[in-house]
Amino acid sequence: AEILLSQQAPAAPGEGPRLLGSAVILYRKRAQVARVYSIAVAASARGRGLASALLAEVERRAQRRGCERLSAEIRCDNAASLATFQRAGFVACGRYE
């Protein structure tokens with residue numbers, strides 16, 4: 001598994017960097033499919049392309065490990081996430097009820 005973190009500069013002097021987003025990728029030995037387990041973006045950072053940037057980095061890392069495909073499970077009511085993955089070329093291949 002890999003965990004990616006996105007931070008920004010401190011908001012005020014003396015504060016540490018704030019976490020704006022994260023992505024978790026799961027790999028299985030000898031598998032050619034990696035799983036995007038989670039992409040999360042802080043509410044204050046949404047709408048700036050951070051989820052798309054994290055997803056692009058997930059794709060790059062998976063390709064470097066020899067993975068040919070990525071899979072993800074996205075809630076049907078999460079329109080923003082669905083749009084992000086669709087813009088990246090993901091297509092729905094099933095639906096759980």
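Start by selecting cysteine 76: at 47% relative accessibility, this residue counts as partly exposed. Keep in mind as you click around that you're looking at a predicted model.

While cysteine 76 is still highlighted, look for a sulfur partner. The nearest cysteine sulfur belongs to cysteine 93 and sits 12 Å away, so cysteine 76 is in no disulfide. Now pick cysteine 67. With 9% relative accessibility, cysteine 67 counts as buried. Its closest cysteine sulfur is also in cysteine 93, at 16 Å, which is too far for a bond. A disulfide calls for two cysteine sulfurs within 2.5 Å, and by that rule the count here is zero.

Zoom out for the whole fold. Going from the N terminus, the elements run β-β-β-α-β-α, which gives you two helices and four strands to colour. Along the principal axes, the C-alpha atoms fill a box of roughly 45 × 30 × 20 Å. Of the 97 residues, 26% are buried. If you switch on the surface, you'll be looking at about 7100 Å² of accessible area, with 50% of that belonging to carbon and sulfur atoms. As for contacts with a separation of 6 or more, 45% are between residues 24 or more positions apart.

Next, select helix H2, residues 79–87. Which residues of this helix are buried? They are Ser81, Thr84 and Phe85. These three cover an arc of only 90° around the axis, which puts them on the same side of H2. Spin the view to the other side of H2 and you'll find Ala79, Gln86 and Arg87 exposed. Then show what lies over the buried residues: the cover includes strand S3 (33–41), helix H1 (50–64) and strand S4 (69–72). Before leaving, step just past H2 to glycine 89, where phi is positive at about 100°.

For another positive phi, jump to arginine 30. Its phi is about 60°, although arginine 30 is not a glycine. You'll find arginine 30 in the loop between S2 and S3, and with a relative accessible area of 80% it is exposed.

Now turn on side chains and go hunting for salt bridges; a search of the whole structure finds five. Select Glu57, Arg60, Arg61 and Arg64 together, since these residues are linked in a network of salt bridges. Glutamate 57 pairs with arginine 60, the closest N and O atoms being 2.9 Å apart. The two are three residues apart in helix H1, so about one helical turn separates them. Glutamate 57 also meets arginine 64, this time at 3.9 Å from N to O. How accessible is arginine 60? At 42% relative accessibility, arginine 60 counts as partly exposed, whereas arginine 64 is exposed at 61%.

One more salt bridge is worth a click: arginine 75 with aspartate 77, at 2.9 Å from N to O. Both arginine 75 and aspartate 77 are exposed.

Finish on the surface with Ile3, Leu5 and Leu19 selected. Together they make a nonpolar patch of about 330 Å². Leucine 19 belongs to strand S2, residues 18–26, and counts as partly exposed at 48% relative accessibility.

Methods
Residues are numbered from 1 along each chain as its sequence is written. This is a predicted model: local features need pLDDT of at least 70, side-chain atom pairs count only at pLDDT 80 or more; totals for chains, interfaces and linings use all residues. Side-chain values use heavy atoms; hydrogens and water are left out. Buried means under 20% relative accessible area, exposed over 50%, partly exposed in between (1.4 Å probe, protein chains only). Patches are made of residues with over 30% relative accessible area and no salt bridge: like charges are joined within 9 Å, nonpolar side chains (Val, Leu, Ile, Met, Phe, Trp, Tyr) within 5 Å. Accessible areas come from the Shrake-Rupley method with a 1.4 Å probe; for residues, only the protein chains shown count as cover. A salt bridge is a side-chain nitrogen of Lys or Arg within 4 Å of a carboxyl oxygen of Asp or Glu. Contact means heavy atoms within 4.5 Å. The arc is that of the directions from the helix axis to the C-beta atoms.
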